[in-house]
Amino acid sequence: MIKLSGSVTRSLLLVICGALLTLSYSPFHWHWLPFIILPIVVRLIWPLAPKRAFRAGFVFGMGLFGAGLSWIYVSIDQYGGVPVPVTLLLLVLLFAYLALFPAIAFWCWQKLSHRKFAWRFSLPFFWLIAELLRGWLFTGFPWLSLGYSQTDGIFGGLAPVIGETGITVALWFTAITLVLALRFKKPASLLIPLIFLTCAVVFPKIQPTERKAESMSVLLVQGNIQQSLKWQAEQQWPNILRYLDLTRPKFNHDLVIWPESAITALEPYASDVLNTVEQSASMNDSALVTGIIDYDRLNDDFYNSVIVLDEESYSYGNANRYQKHQLLPIGEFVPFEDLLRPLAPLFNLPMSSFSRGGYQQPNLKANGSNLAMAICYEIAFAGQVRSNTYDDTDYLVTISNDTWFGDSHGPWQHMQIARMRAMELGKPLLRATNNGVTAAVDEHGQYIELAPQFTATALSADVYPVSGSTLFNKIGNWGAIILALFGLLPVIATKRTKKRAQT
């Protein structure tokens with residue numbers, strides 16, 4: 001029989017804990033799982049010295065990101081044009097980079113608290129700092145943050161005040177208090193999760209937002225066009241016909257939304273098509289919002305864009321448009337492209353050389369409604385979506401093409417992230433994609449209508465706009481930061497006690 005050392009057993013447990021957390025996200029929705037897994041992780045790392053805590057945090061992160069982001073393999077394997085061993089190596093490097101952030105958080109925690117109990121509640125603060133860095137460094141990759149597990153969970157109601165990042169902080173506070181209560185016989189610490197539960201019930205009811213009396217009829221069109229065909233020149237007109245055929249029978253909706261780059265012809269060369277679509281929308285008193293690629297011929301710049309075709313005559317270059325700001329690395333821009341592009345098709349994908357739009361842009365105007373836009377990956381950046389959502393914003397709108405990731409859990413995680421933005425900002429969300437997940441969501445993150453994946457369909461929904469702004473929309477991450485700083489109060493209290501004793 002093989003005997004495992006204590007450190008090997010601990011590492012195996014941490015990898016398993018990290019991997020199991022994948023089940024707390026969509027499409028599995030075991031939102032109760034973090035309340036079991038996170039206390040186990042805290043208990044396993046609690047007695048470790050800082051260096052060993054760093055290694056333990058890294059192992060936990062490898063389990064979390066390795067299982068949770070395994071869907072990235074689908075896109076690299078099918079479209080990257082590199083051998084399987086190289087694909088696996090690239091994924092391991094990505095997961096290792098992401099695992100550094102929990103490793104650093106646990107190192108900081110144990111560096112200060114290993115010998116001073118007063119620092120035990122500092123873990124949420126260090127985890128928050130690490131997560132903010134992960135969402136910013138090298139343009140950021142904020143996917144799979146722990147707070148998303150509560151989109152349908154008992155802490156979800158905290159979102160309108162402290163946002164998803166604040167929910168993550170609350171989860172770590174809860175984990176520590178459960179360890180204190182069960183392992184160290186301090187039941188009074190359970191008051192902390194009880195406070196969170198109470199706030200989660202109360203917060204959604206006290207927001208200064210108001211659902212308007214009249215709804216808008218919305219049509220979300222899902223073309224289900226194969227990625228291998230999407231960018232072929234001879235497919236431009238068949239692609240547009242697919243969307244027109246799905247739209248025509250239901251063109252009487254107030255708002256029609258097509259997905260990201262639904263029109264694959266470059267905008268300066270598509271005026272005839274766009275004018276035809278605009279006339280059809282105007283005849284039905286509708287407004288059509290669609291993704292398209294804009295090409296600035298003067299500066300030789302490409303923009304992943306959204307335009308509106310409605311009763312006002314369409315003209316190229318008009319101001320009522322949105323240009324994507326947060327570009328996807330490799331997919332929409334290639335760092336060190338002179339070096340990387342010659343290496344493999346992975347670094348030379350179609351339309352992978354975009355320019356950035358502004359960080360903050362005006363809402364789109366469509367049939368009397370104000371639309372806060374986010375294209376694909378951008379919806380994961382809460383700060384940017386918040387900066388583009390105003391008091392008079394009626395809807396959040398996000399368009400995407402998740403065809404790259406096949407029948408994996410990636411598109412469902414993407415939809416879950418979008419639902420969290422609706423909960424944070426108190427606005428209904430409309431999401432149109434090429435092959436799923438296409439849905440209309442109310443201001444509480446609940447589905448109004450949901451289209452099946454991998455089918456060509458048009459989803460109809462009546463959605464009520466919402467005026468006003470949530471507290472999260474006004475203060476952003478400051479709510480999460482202030483909450484995390486409460487974990488430092490025992491340190492301050494201890495220092496004051498020492499000073500009084502010395503005097």
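In this predicted model, helix H10, which spans residues 236-247, lies across the strands S2, S3 and S13 and runs at about 145° to S2. The three strands that H10 covers belong to an open sheet of six strands, arranged in the order S6-S5-S4-S3-S2-S13 and mixed in its pairing. Strand S6 (321-323) and strand S13 (457-463) stand at the edges of this sheet, and because each has a single partner strand, one side of each is left without a neighbour in the sheet. Direction ignored, neighbouring strands are turned by 25° against each other on average.

Within the sheet, strand S2 (residues 216-222) pairs with strand S3 (residues 255-257) in the parallel sense, over three bridges, and Leu220 stands opposite Ile257 in S3. A further helix, H11 (residues 271-283), lies across strand S4 (287-296) and strand S5 (301-309), running at about 25° to S5.

Away from the sheet, two helix pairs can be described in turn. Two packed helices are described by the angle between their axes and the distance between the axes. For helix H5 (residues 84-113) and helix H6, the angle is about 150° and the axes are 9 Å apart; angles over 145 degrees count as roughly antiparallel, and H5 and H6 are therefore roughly antiparallel to each other. The crossing in which H5 passes H6 is right-handed. On the H5 side the contact includes Leu98, Phe101, Phe106 and Trp109, and these residues belong to a set that meets residues of H6 including Phe126, Trp127, Leu133 and Arg134. By class, the contact of H5 with H6 divides into 13 nonpolar residues, no polar residues and one charged residue.

The second pair is formed by helix H2 (residues 34-45) and helix H3 (residues 50-68), which pack at an angle of about 155° with their axes 10 Å apart, so that H2 is roughly antiparallel to H3. This crossing, too, is right-handed. Here Leu38, Val41 and Ile45 in H2 meet Ala53, Ala56, Gly57 and Phe60 in H3, a contact with six nonpolar residues, one polar residue and no charged residues.

Charged side chains also form links in the model, where the count comes to nine salt bridges. One of them joins the side chains of Asp152 and Arg419, at 2.6 Å from N to O. This pair links distant parts of the chain, since Asp152 lies in the loop between helix H6 (123-134) and helix H7 (159-182), whereas Arg419 lies in helix H14 (residues 410-425), 267 residues apart.

Terms used: Residues are numbered from 1 along each chain as its sequence is written. This is a predicted model: local features need pLDDT of at least 70, side-chain atom pairs count only at pLDDT 80 or more; totals for chains, interfaces and linings use all residues. Side-chain values use heavy atoms; hydrogens and water are left out. Axes are lines fitted to C-alpha atoms, for helices over the stretch in contact, and angles run from 0 to 180 degrees between N-to-C directions. Helices (H or I, at least four residues) and strands (E, at least two) are DSSP runs, numbered from the N terminus. Angles under 35 degrees count as roughly parallel, over 145 as roughly antiparallel, 65 to 115 as roughly perpendicular and the rest as oblique. A crossing is left-handed if the near helix is turned anticlockwise from the far one by less than a right angle, and right-handed if clockwise. Contact means heavy atoms within 4.5 Å. Ala, Val, Leu, Ile, Met, Phe, Trp, Tyr, Cys and Pro count as nonpolar, Asp, Glu, Lys and Arg as charged, and the others, Gly among them, as polar. Two strands pair if DSSP finds at least two bridges between them. A salt bridge is a side-chain nitrogen of Lys or Arg within 4 Å of a carboxyl oxygen of Asp or Glu.
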